[in-house]
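Trainee: I would like a close look at one part of this model and its surroundings. Please take the residue I name as the starting point and work outward from there.

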Amino acid sequence: MNVLKCDKCNKDFILDMKRKIFQVSAIEVLYFKCPHCGERNIGVATDVVIRKQQEKVRKLNKELLKTKKEMSERMFKLKEKLEKEEF
């Protein structure tokens with residue numbers, strides 16, 4: 001449970017994110033409103049291009065994690081091999 005303080009009225013409230021999609025422009029907005037004064041705060045706004053880029057980043061991160069795991073395993077094997085040898 002996230003408690004926020006409104007910048008406008010300075011009262012505390014529990015964060016309740018809302019989502020609105022503007023069909024014509026395909027813009028998606030995540031926002032929240034202060035229940036006391038109604039002040040609206042936009043958290044994130046995305047369009048089709050941004051969402052495609054976000055998906056690309058997720059795929060790249062997955063690939064990066066896989067590569068890092070492979071590197072770590074190979075480094076461990078090399079270390080084990082070298083520990084058995086004198087250099």
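Where is Arg40 found, and what lies around this residue?

Mentor: This is a predicted model, in which local features need pLDDT of at least 70 and side-chain atom pairs count only at pLDDT 80 or more, while totals for chains, interfaces and linings use all residues. Residues are numbered from 1 along each chain as its sequence is written, and side-chain values use heavy atoms, with hydrogens and water left out.

Arg40 is found in strand E5. Strands (E, at least two residues) and helices (H or I, at least four) are DSSP runs, numbered from the N terminus. Arg40 counts as exposed because its relative accessibility is 52%; the classes are buried under 20% relative accessible area, exposed over 50% and partly exposed in between, with a 1.4 Å probe and protein chains only. Setting aside residues up to four places away in sequence, Arg40 touches Tyr31, Phe32 and Lys33, where contact means heavy atoms within 4.5 Å.

Two of these contacts belong to residues with bridge partners in E5: Phe32 is matched with Asn41, and Tyr31 with Ile42. Strand E4 comprises residues 27–33 and pairs with E5 in the antiparallel sense over 6 bridges; two strands are taken to pair if DSSP finds at least two bridges between them. In the hairpin of E4 and E5, 6 residues separate the strands, and Gly38 takes a positive phi near 80°.

The hairpin belongs to an open sheet of 3 strands, ordered E3-E4-E5 with antiparallel pairing. Strand E3 (18–22) and strand E5 (40–46) are the edge strands, each pairing on one side only. From one strand to the next the twist averages 25°, based on axes that are lines fitted to C-alpha atoms (for helices, over the stretch in contact), with angles between N-to-C directions running from 0 to 180 degrees.

Following E5 along the chain leads to Thr46, which is also placed in this strand. Thr46 counts as buried because its relative accessibility is 9%. Beyond residues up to four places away in sequence, Thr46 touches Ala26, Ile27, Glu28, Arg51 and Gln54. With Arg51 there is a side-chain to side-chain polar contact of 2.9 Å; such a contact is a pair of N or O atoms within 3.5 Å, where within protein one must be able to donate a hydrogen and the other to accept it, and residues adjacent in sequence count only if both atoms are side-chain atoms.

Glu28, one of the contacts of Thr46, is placed in strand E4. Its relative accessibility is 19%, so Glu28 counts as buried. Neighbours within four places in sequence aside, Glu28 is in contact with Arg19, Lys20, Ile21, Val44, Ala45, Thr46 and Arg51. With Arg19 the side chain of Glu28 meets in a salt bridge (3.6 Å, N to O), a term that requires a side-chain nitrogen of Lys or Arg within 4 Å of a carboxyl oxygen of Asp or Glu. Arg19 counts as exposed because its relative accessibility is 55%. The count by this rule comes to 6 salt bridges.

The helix comes next. Asp47 caps the N-terminal end of H1, with a side-chain oxygen 3.2 Å from the backbone nitrogen of Val49. Helix H1 covers residues 48–84, and at 1.5 Å a residue its 37 residues should span 54 Å, which agrees with the 55 Å between its end C-alpha atoms; the expected span is 1.5 Å times one less than the number of residues.

Salt bridges occur within H1 as well. Glu55 forms one with Arg58, the closest N and O atoms being 3.0 Å apart; these two residues are separated by about one helical turn because they are 3 residues apart in helix H1. Glu55 is partly exposed at a relative accessible area of 32%, and Arg58 is partly exposed at 48%. Another salt bridge joins the side chains of Lys69 and Glu73 (4.0 Å, N to O), both in helix H1 and 4 residues apart, about one turn of the helix. Lys69 is exposed, with a relative accessible area of 54%, whereas Glu73 counts as partly exposed at 40%.

To return to the starting residue, Arg40 and Lys84 are 44 residues apart in sequence and 64 Å apart in space, C-alpha to C-alpha.
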